[in-house]
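Here is a quick walk through one chain for someone who likes to know the cut-offs behind each term. Have the viewer open while you read.

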Amino acid sequence: MKLSKAKYDEIARFITTLKPSRQCMRQLKERFPRQSQSTLLSIFSQEYQKLTKRTHARHHAPDTIETYYSRYLNGVAVDPAAPVLLNLANEVDFSPALIARIVLERFLQDQDSPPPTKPVLNSMLREPSLIPDPVLANQVHQCIINDCCNGPLVDCIKHSIGYEHEVLLREKLLERNLAFLDEDQLRIKGYDKTPDFILEVPVAVDGHVIHWIESKASFGDESSHRMYLQDQFWSYWNRFGPGLVIYWYGFIEELDCHRDRGILLKDDFPRDIVTLRNCLVLEDERGRHTEDYATEKSQEAV
């Protein structure tokens, strides 16, 4: 689904008034009933990630960390079963999973062990039962399962959705009998940075030649698309030529402005693909038509 920049800005402004909860999607859908649920969820997730980045430093200031940790200790001392960390995250308007990470890291610093490494922290967040304190383990678990935008559960869901759409794209290519190489095959050939699929025989889409296709299971907004252009798309263009990017959950239509330079945007697998076989068949039909026409004229002349 393509959105105008004005419509996207309207959605983004409304998102700033929402809390990152399960109910926010119902409010979004009621406010923008013509937009698909998946598109709204993708936009909400991206906008909330931007907010998280803007406020990250404030929540990680040393005095703030001590305040959060003290509030956690006081809260569980009163009622260990209460969702202390989750309530704290909602109160300070920050990601529950990231609040849990802050408090967990601070807790581990008090233990008689070396400072926690990033892999250790990540493993405990993925599997809270590894946390040596059962009360904190339960608190972290509550934060992880109730965070709709951050944390290992969300990362797992995003990875699965991304893989699902790569499989969908593969099936579409096979249905059209298009020969291609995937990322694994390209890495075997020595390529270190590749799109999802490279077409062994180029095709044409909307009159533009396409050598590769990249799948993005997200909405294409300005910031993410600019980052992808810089980190991925222009590199693919330099190595493999012009290509196609599919934003399965839609994109801001004004971003599809690099077609003449070799990067097309779509929100679904294109139906109007023209292959070399189509061209050869068309040329053959034109040739036969010309021959038949010439024969008919010669017979009329006789």
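What follows goes from the whole chain to its helices, then to cysteines and a few single residues.

This is a predicted model, so local features need pLDDT of at least 70 and side-chain atom pairs count only at pLDDT 80 or more, while totals for chains, interfaces and linings use all residues. Residues are numbered from 1 along each chain as its sequence is written, and side-chain values use heavy atoms, with hydrogens and water left out.

**The whole chain**

The chain has 12 helices and seven strands (DSSP runs numbered from the N terminus: H or I of at least four residues for helices, E of at least two for strands). Its radius of gyration is 26 Å, well over the 19 Å that the globule rule gives for 302 residues, so the chain is more spread out than a compact globule. That radius is taken over C-alpha atoms, and the rule is 2.2 Å times the number of residues to the power 0.38. The C-alpha trace spans about 110 × 45 × 30 Å along its principal axes.

Buried residues come to 42% of the 302; buried means under 20% relative accessible area, exposed over 50%, and partly exposed in between, with a 1.4 Å probe and protein chains only. The chain exposes about 17000 Å², with carbon and sulfur atoms supplying 53% of it (Shrake-Rupley, 1.4 Å probe; for residues, only the protein chains shown count as cover). Of the contacts between residues at least 6 apart in sequence, 62% join residues at least 24 apart, where contact means heavy atoms within 4.5 Å.

**Three helices**

Each expected span below is 1.5 Å times one less than the number of residues in the helix.

| Helix | Residues in helix | Expected span | End C-alpha distance |
|---|---|---|---|
| H4 | 17 residues | 24 Å | 25 Å |
| H8 | 13 residues | 18 Å | 18 Å |
| H9 | 24 residues | 34 Å | 35 Å |

Which residues of H4 are buried? They are Thr-64, Tyr-68, Tyr-69, Tyr-72, Gly-75 and Val-76. Viewed down the axis of H4, these fall within an arc of 135 degrees, so they line one face of the helix; the arc is that of the directions from the helix axis to the C-beta atoms. The face turned away from that buried side carries the exposed residues Pro-62, Asp-63, Asn-74, Ala-77 and Val-78. As for partners, the buried residues of H4 pack against helices H3 (37–59), H5 (84–92), H6 (96–109) and H8 (134–146).

Turning to H8, its buried residues are Leu-136, Ala-137, Gln-139, Val-140, Gln-142, Cys-143 and Ile-144. They pack against H4, H5, H6, H7 (118–126) and H9 (152–175).

In H9, the buried residues are Val-154, His-165, Leu-169 and Leu-173. Their cover includes strands S2 (180–182), S3, S4 and S5 (243–247). Just after H9, Asn-177 takes a positive phi of about 55 degrees.

**Cysteines**

How many disulfides does a search of the whole structure find? It finds zero, with a disulfide taken as a pair of cysteine sulfur atoms within 2.5 Å. For Cys-24, the nearest cysteine sulfur is that of Cys-148, 5.1 Å away. Cys-24 is buried, at a relative accessible area of 1%. The nearest cysteine sulfur to Cys-143 is also that of Cys-148, here 13 Å away, and Cys-143 counts as buried at 0% relative accessibility.

**Loops and one strand residue**

Most residues other than glycine have a negative phi. Asp-93, in the loop between H5 and H6, has a positive phi of about 60 degrees and is partly exposed at 32% relative accessible area. Asp-206 sits in the loop between S3 (197–205) and S4 (208–216); its phi is near 55 degrees, and Asp-206 is partly exposed at 31%.

Asp-206 also turns up among the residues that Lys-266 touches, alongside others including Val-205, Tyr-247 and Phe-251, leaving aside residues up to four places away in sequence. Lys-266 belongs to strand S7 (residues 263–266). Is Lys-266 buried or exposed? Its relative accessible area is 18%, and Lys-266 is buried.
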